[in-house]
Amino acid sequence: MTDDRSSAPPTSVFDQGVPTAARVYDVMLDGKDNYAVDREVARASLEVMPELKEIALHNRAILHRVVRTLAEQEGVDQFLDLGSGLPTVRNTHEVALEANPDSRVVYVDIDPLVSAHGHAILADNPNTQVVTADLRDPRAVLDHPEVRKTIDLDRPVCVMLCGILHHILDEEDPNGIVAALREAVVPGSFFFITNFTRLGDAPESQELEQVLLSQLGTGRVRTVEELLAYFDGLELLPPGMVPLPLWRPDGIVRDSTSVAARFMTGGVARKA
C-alpha cells in the first residue's frame, strides 16, 4: 500500500466516526487503512468469533483461486469486483493480469477511501479502474462512465460479490440486486459469491450477526439455502457452494470442519 494521498478527495469526505465494512475487513487483514471506530467493531466481533481473521484470509485466498481459474481455464478477461474493499496484497487485477495481460478490472465500493487509495496505486494501469458507487443501485453501478469505459457488457464478465452480500440487509433485497446483475450480463458470464453462513452447531455465528448489525449496521448471516438462491438460473461450477477452503484448493485441506473453515461459503456459477 502506498502512502501517496495526492489523488485523495478532501478529508471531509471521510467520516471517521462511522465504521465501514471495507475498513473493518482491512482490520481483519492486518491493514493500516482503518480508524478507531473500525477497530472497535473488529474487536467486538473477534470477542464473539476469534477465528474471524483466519476467515478473512480464507476469503482472500478463494478470490485468488477463482480469478486465476476463470482467467486461465475459462478465458475470462473482464472482472467487475463489487464491494471490493481497500487494496491489499494481491488484488484482483494482479491475479488476472498474471493470467492475461489484457484483462480489465473495475473495483466498486461505497467507501470513498477505497477510491482514494485505488486511484493512487492504479494511476498507471489504464485497464483497471476504481469506482465509488452503491451496490444497492445495480443499474447505476453498471451505467457508471468508468464501468462502461472499462468493461464491455456485450462480452462475458465475471461479477464478483466476494464477502459483500452479507452487508446488504434483507429489506434492501439482495436477491433482487443479484437478479438485476444477472439480467444485465451476457450468457457466458460468471458470478462469484461468498457470504457469512449460519452454522446450526455454532451459536456464535448468530451472536456475531447481532454484534455486526448493532455496531456496523450490516452483517446478515444467512443459511445455505438462502445463499443458493443467489445462483437461481445459473449453472454452479464444481464443487458447488462449499466452505471457502474446499473450493478447488491448491493443496490438501487439513481441517474442513472448524468454524474458521465453515463460517463462510462460496461458489462460482455460469450464466448459460
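How much space lies in the second largest cavity? The second largest cavity holds about 40 Å³ of space. The structure is a predicted model, in which local features need pLDDT of at least 70 and side-chain atom pairs count only at pLDDT 80 or more, while totals for chains, interfaces and linings use all residues. Residues are numbered from 1 along each chain as its sequence is written, and side-chain values use heavy atoms, with hydrogens and water left out.

## Cavities and the largest pocket

Rolling a probe the size of a water molecule over the atoms shows where empty space is left. Here a cavity is a set of points, on a 1 Å grid over the protein atoms alone, where a 1.4 Å probe fits but cannot get out; a pocket is an open set with protein on both sides within 12 Å along at least five of seven lines, and lining residues have an atom within 4 Å of a point. Grid points are joined across faces, edges and corners, and a volume is the space filled by probe spheres set on the points.

A search of the whole structure finds 2 cavities of 30 Å³ or more. The largest cavity contains about 110 Å³ of space. It is lined by 15 residues, of which G85, L86, P87, N91 and Y107 are the closest to its centre. Two elements, α4 (92–99) and α5 (112–121), give two or more residues to this lining, and α5 gives the most, with 3 residues. Helices (H or I, at least four residues) and strands (E, at least two) are DSSP runs, numbered from the N terminus.

The lining of the second largest cavity consists of A22, Y25, D26, L29, R60, S84, G85, L86 and T88. Its largest share, 3 residues, comes from α1.

The largest pocket has a volume of about 790 Å³. Its lining comprises 39 residues, and A21, A22, G163, I164 and H167 lie nearest the centre. The elements that give two or more residues to this lining are α1 (21–28), α3 (52–73), β1 (78–82), β2 (104–109) and α9 (204–215).

The table gives the lining classes, in which Ala, Val, Leu, Ile, Met, Phe, Trp, Tyr, Cys and Pro count as nonpolar, Asp, Glu, Lys and Arg as charged, and the others, Gly among them, as polar.

| Space | Nonpolar | Polar | Charged |
|---|---|---|---|
| Largest pocket | 22 residues | 10 residues | 7 residues |
| Largest cavity | 7 residues | 6 residues | 2 residues |
| Second largest cavity | 4 residues | 3 residues | 2 residues |

## Salt bridges

A salt bridge is a side-chain nitrogen of Lys or Arg within 4 Å of a carboxyl oxygen of Asp or Glu. A search of the whole structure finds 21 salt bridges. In the descriptions below, buried means under 20% relative accessible area, exposed over 50%, and partly exposed in between (1.4 Å probe, protein chains only).

One of these contacts joins the side chains of D77 and R155, at 2.8 Å from N to O. The pair links distant parts of the chain, 78 residues apart: D77 is in the loop between α3 and β1, and R155 is in the loop between α7 (145–150) and β4 (158–162). D77 counts as buried because its relative accessible area is 16%, whereas R155, at 33%, is partly exposed. The C-alpha atom of D77 is also separated by 6.1 Å from that of R104, although the two residues are 27 apart along the chain. R104 is found in strand β2 and is partly exposed, with a relative accessible area of 30%.

The side chains of D143 and R148 meet in another salt bridge, at 3.1 Å from N to O. D143 is partly exposed at 39% relative accessible area, and R148 is likewise partly exposed at 43%.

E235 forms a salt bridge with R270, with the closest N and O atoms 3.4 Å apart. E235 lies in strand β6 and R270 in strand β8 (residues 264–270), so the pair ties together parts that are 35 residues apart in sequence. Both partners are partly exposed: E235 has 42% relative accessibility, and R270 has a relative accessible area of 21%. Elsewhere, salt bridges that share partners join D170, R198, E209, R220, R222 and E226 into one network.

## A nonpolar surface patch

V224, L228 and L236 make a nonpolar surface patch of about 190 Å². Patches are made of residues with over 30% relative accessible area and no salt bridge; like charges are joined within 9 Å, and nonpolar side chains (Val, Leu, Ile, Met, Phe, Trp, Tyr) within 5 Å. Accessible areas come from the Shrake-Rupley method with a 1.4 Å probe, and for residues, only the protein chains shown count as cover. L236 lies in strand β6 (residues 235–236) and counts as partly exposed because its relative accessibility is 30%.
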